[in-house]
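Biologist: I'm new to this one, so please skip the grand tour. Give me a close look at the part around the DNA, and then follow it into the protein from there.

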2 protein chains.
Amino acid sequence: MEPLLVFPDPPPPALTTALTDAGYPYRAVTTSDEATRIEPEDGWAGALVCFDDDPEGAAAMCRHLRKRDLPLEPLMLLVHSNHLASLEPREDLFDDFCLLPLQPGELEARLKHLFWRTGRGTRPELIEYGPLVLNLETYQAAIDGRPLDLTYMEYELLRFLATHPGKVFTREMLLSRVWGYEYYGGARTVDVHIRRLRAKLSEEHAALIQTVRSVGYRFGQSRWGL
Amino acid sequence: MEPLLVFPDPPPPALTTALTDAGYPYRAVTTSDEATRIEPEDGWAGALVCFDDDPEGAAAMCRHLRKRDLPLEPLMLLVHSNHLASLEPREDLFDDFCLLPLQPGELEARLKHLFWRTGRGTRPELIEYGPLVLNLETYQAAIDGRPLDLTYMEYELLRFLATHPGKVFTREMLLSRVWGYEYYGGARTVDVHIRRLRAKLSEEHAALIQTVRSVGYRFGQSRWGL
DNA sequence: ACCTTGATGAACTACGTGTGAACCCGGCCG
DNA sequence: CGGCCGGGTTCACACGTAGTTCATCAAGGT
């Protein structure tokens, strides 16, 4: 079995013993660069990220792992219960989490379930919203069946918006979550990409992306129920 | 939001408090027949099944819920760590599990993530006051179900007032708390915004915002108690 | 009846967004 | 090595909308 990626290095002792007990091989890393450098031939089997010691670093690591050509899955977060609240706006960064301190057997059971889930392709490889379809595996988009020729950033932006239909995002949120890093300066960059997206969605569907003045942008209609 | 299906009935006290704290409605059932019988119009939002007291019954319930024309999702298992091993051959019966005893916040976080994963968005954060509904995520407002087209400041002002129903605010308070900075000059600005708000709330609801002469404005009915 | 306070309508101003074009950078190919 | 090209970022400007101010009128209170 390919090893699991573990952050940080060194990992908490409880984690290493849990992993060896369960029989999972792993490699710990300090930075995302290192993760890329020592990546095994056949890729990682998954990742375990400790959120507590260094939330910033952990979040950055998750973003990095998710943003590659082939997003790393599954990604498990380890977190103390008092940090749970800070996960909410980051649902897309992980597949499951496990509370610290570790309970006997829990991590193993979660990993087993996680591998079972991802192995059977339970995760949706398509995002659909009305006439719009995004194929996450092939990085293609289509509207009304007609394929859209999107650039990388356009695709990423559209994907992010389409996975949170109805919700409003400020330019800063979009920059940090789609572009993936903290930003100075060009908030207008978002505008330009939005414009080009609207242009590529045909005239009739340009309204899929609405601007909320003085706030940001919203994809699709709002949800009043559910 | 549709209620969650909970098994068994009565559920453990810790579970009921966790659900009510998190604000999720639920209905507890004893048998799968009962689950079918009292199923809401729009189906269940998901299911929570306690595995411990009656493993056989719990497993049977899960199988039943998964076997319908429209398999119930998401399905969360509640289980003590000493029963973890018995889950292994039943991976397909649940989407996530949560260890007993419950840790503060964990169940809520898991449900949130689960709903996010399975595509039903997390329930939107709403402010409701009588016929008025403000959706904080989408920056939209509605009255009597009819959407209101508010500008940014109008929305902010209404939101501030609606979060403190019954309380009177002077123009200066509103300026400093809604506009957000100390102000010279135009206290009448508030008047204008109030006027436009009243205009956009229909004639019948204009009285939601009352003027308190020589003091300021109040949203909703005054409170004599509390 | 007088004075104070709020409502109204309209003009003025400023800010936010859309848009076109320039710029920058890395990869590709002659 | 150098020019080209595609994609991303930045800039400047125009336009429309939203926010503010002002003058006037109506209403309330004493």
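Modeller: I'll start at the DNA, step inward, and finish with the contact between the two protein chains.

A little housekeeping comes before that. Residues are numbered from 1 along each chain as its sequence is written, while chains are lettered from A and ligands numbered from 1 in the order in which they are written. This is a predicted model, so local features need pLDDT of at least 70 and side-chain atom pairs count only at pLDDT 80 or more, whereas totals for chains, interfaces and linings use all residues.

Let's take DNA strand C. Around it sit 15 residues, and those that come nearest are Asp191(A), Thr211(A), Arg195(B), Thr211(B) and Ser214(B) (near means a C-beta atom, placed from the backbone, within 6 Å). Two elements give two or more residues each to this surface: helix H7 (188-200) of chain A and helix H7 (188-200) of chain B (helices, at least four residues, and strands, at least two, are DSSP runs numbered from the N terminus). H7(A) makes the largest contribution, with 5 residues. By type, the surface near DNA strand C has 7 charged, 4 polar and 4 nonpolar residues (Asp, Glu, Lys and Arg are charged; Ala, Val, Leu, Ile, Met, Phe, Trp, Tyr, Cys and Pro nonpolar; the others, Gly among them, polar).

Now for DNA strand D. It has 22 residues around it, with Thr151(A), Gly186(A), Thr151(B), Met153(B) and Gly186(B) the closest. H7 turns up here as well: in both chain A and chain B, H7 and helix H5 (152-163) each supply at least two residues of the surface near DNA strand D. That surface splits into 8 nonpolar, 8 polar and 6 charged residues.

H5 is our way inside. The largest nonpolar core counts 40 residues, and Leu158(A), Ala162(A), Leu134(B), Ala141(B), Leu158(B) and Ala162(B) have the most contacts inside it. A core here is a set of buried Ala, Val, Leu, Ile, Met, Phe, Trp, Tyr and Cys residues joined through C-beta atoms within 7 Å, and buried means 20 or more other C-beta atoms within 10 Å of a residue's own. H5(B) gives the most to this core, 5 residues. Apart from its neighbours within four places in sequence, Leu158(B) is in contact with Leu134(B), Ala141(B), Leu150(B) and Leu197(B) (contact is C-beta atoms, placed from the backbone, within 7 Å). A second core, separate from this one, has 39 residues, including Tyr26(B), Val29(B), Cys62(B) and Met76(B).

Next come the strands of that region in chain B. E7(B) (132-135) runs antiparallel to E8(B) (140-143) over 4 bridges (strands pair if DSSP finds at least two bridges between them). Asn135(B) has Gln140(B) as its bridge partner. The hairpin of E7(B) and E8(B) leaves 4 residues between the strands, and Tyr139(B) in its turn has a positive phi of about 55°. E8(B) then pairs with E9(B) (146-148), antiparallel again, over 3 bridges, with Ile143(B) partnered by Arg146(B). This second hairpin has 2 residues between its strands; in the turn, Asp144(B) has a positive phi of about 55°.

Last, the chains themselves. Their contact takes 26 residues from chain A and 25 residues from chain B. On the chain A side, helix H4 (106-119) provides the largest share, 5 residues. That side divides into 11 nonpolar, 7 polar and 8 charged residues.

Note on methods
Two residues are in contact if their C-beta atoms, placed from the backbone, lie within 7 Å. A residue is buried if 20 or more other C-beta atoms lie within 10 Å of its own, exposed if 12 or fewer, and partly exposed in between; C-beta atoms are placed from the backbone.
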